[in-house]
Amino acid sequence: MTSLLAAHPLTLGTMYFGTTVPARIAHDVLDRARDLGALSWDTANIYAHWVGRDGGESERTLGAWFDSRGPIARDEVTLATKIGNLPVAGGPGPGGTTGLGASAVRRQVTDSLQRLRTDRVEVLYAHIDDLHTPLDETLGALSDLIDEGLVREIAASNYSAERLHAALSVPTAHRFTALQQRFTYLRPAPGADLSPHVQLDDAVAHLAHRSGLTLVGYSPLLSGAYTRADRPIPEQYRTPALGPALLALGEVGSEVDLDAGQTVLAWMTQRGRPVRPVAGVSSVGQIEDAWRAVTTELDPDQIDRLDRARIVGPAAR
Ligand SMILES: NC(=O)c1ccc[n+]([C@@H]2O[C@H](COP(=O)([O-])OP(=O)(O)OC[C@H]3O[C@@H](n4cnc5c(N)ncnc54)[C@H](OP(=O)(O)O)[C@@H]3O)[C@@H](O)[C@H]2O)c1
């Protein structure tokens, strides 16, 4: 089954809605996203507990928007949330989190639907792999939610190739249809530590492709580092390919009137094997920028130049 996410060139990341992005501004962004047709929205039951109160802030902010805009607006949106990664005292999951045991899955989904003020989500992600719970228990619990109509699809985030393969081999009625990992145009240095994030590496990308999973990439803009002097490119991405890669982004971007960050989004969604970006935005201007990026067509030669520049170092160019 093809994921609903495959129909969307962009997913709107709402991680800071209701915390550092006040609800009023978040609702303006959601209204503008709706006008534009940017109708895939991504949240989690953990956003953003590290700057907020309980991690339900983003879901509550979306819920208030659905409540005020009505059922037609809700039906237009492909809504994804994630469970399993919320820190709780004595939590059984990895690092003291809620985890993905059968009863924890059920409880978290019930809570998320309540905060989102909806009766279902289109996509439910296992936010992190739970090594403490048998995969057949997790997959069985997630699959049941689809049969009950609470969830349309299930998906994985932050899985290794080996564990994703094992998860896809569990004989449940429904299996993962999408994979969300960290991904941007720049490639991190081999072995770079991005934890707790899990990079979309070649092994997991190939497996996902072979298995027909839709690929989704989070943190595509490196928090604005492609364009903002106050946000340096993170150390993990300072490889020999950095100079040529930034040069190619600048050249192609100027040909299509996009800045470097926008060019990253356009490339991700139009490359041979698309990795649809989940871009974080904190203003109406930023959702407009992101939407213009993914709806600007790159030609095959531009895609090819970008593909090559991120891998080939200066000596080989
Ligand atoms: N599955 C997972 O484990 C996981 C992990 C992390 C994130 N996510 C998802 O991915 C989404 C995006 O993650 P992220 O916030 O780390 O990624 P990001 O897209 O790399 O960065 C977003 C930030 O970039 C800046 N920005 C956006 N548009 C810009 C523009 N046109 N010009 C300059 N700067 C711009 C903004 O910073 P300011 O707000 O400071 O202006 C924005 O908050 C999240 O909302 C969440 O839904 C998933």
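## A tour from the ligand outwards

Start by selecting strand S8, which gives the most to the shell around the ligand, with 3 residues. Keep in mind as you look around that this is a predicted model.

**Stop 1: the ligand and its neighbours.** Now select the ligand and show the 27 residues around it. Which of them come nearest? Look for Asp42, Asn158, Ser219, Arg231 and Ser282. If you colour the shell by class, you should find 14 polar, 8 nonpolar and 5 charged residues.

**Stop 2: polar atoms facing the ligand.** Bring up the side chain of Gln180 next: one of its N or O atoms is 3.0 Å from a nitrogen atom of the ligand. Then go to Asp289, where an N or O atom in the side chain is 3.0 Å from a nitrogen atom of the ligand. For Ser223, turn on the backbone, since a polar backbone atom there is 3.1 Å from an oxygen atom of the ligand. How much of the ligand does the protein bury? Taken alone, the ligand exposes 920 Å², and the protein buries 86% of that. To see which elements give two or more residues to the shell, highlight strand S8 (276-280) and helix H10 (284-294).

**Stop 3: a residue with positive phi.** Return to Ser219, one of the residues that come nearest to the ligand. You will find Ser219 in the loop between strand S7 (214-218) and H8. Most residues other than glycine have a negative phi. In Ser219, however, phi is positive, near 55 degrees.

**Stop 4: two helices that cross.** Follow the chain to helix H8 (residues 242-256) and add helix H9 (residues 260-270). Their axes are 9 Å apart and they pack at an angle of about 85 degrees, so H8 and H9 are roughly perpendicular to each other. Show the side of H8 that makes the contact by selecting Leu249, Val252 and Gly253, and on H9 pick Ala260, Thr263 and Val264. By class, this contact has 4 nonpolar and 2 polar residues, with no charged ones.

**Stop 5: two cis peptide bonds.** Most peptide bonds are trans. Where can you find a cis one? Select Ser195 and Pro196, which are joined by a cis peptide bond with omega about 10 degrees. Pro196 sits in the loop between strand S6 (178-182) and helix H7 (202-210). Finish at Tyr47 and Ala48: the peptide bond from Tyr47 to Ala48 is also cis, and its omega is near -15 degrees. Ala48 belongs to the loop between strand S2 (40-42) and helix H2 (57-69).

How values were computed:
Residues numbered from 1 in each chain as written. Predicted model: local features only at pLDDT ≥ 70, side-chain atom pairs only at ≥ 80, totals over all residues. Heavy atoms only, no water. Near = heavy atom within 4 Å. Polar contact = N/O pair within 3.5 Å; in protein donor to acceptor, adjacent residues only side chain to side chain. Areas by Shrake-Rupley, 256 points an atom, 1.4 Å probe, with all protein chains shown as cover. Helix = DSSP H or I, 4+ residues; strand = E, 2+ residues; numbered from the N terminus. Nonpolar A, V, L, I, M, F, W, Y, C, P; charged D, E, K, R; others polar. Axes fitted to C-alpha atoms, helices over the stretch in contact; angles between N-to-C directions. Parallel < 35°, antiparallel > 145°, perpendicular 65-115°, else oblique. Contact = heavy atoms within 4.5 Å.
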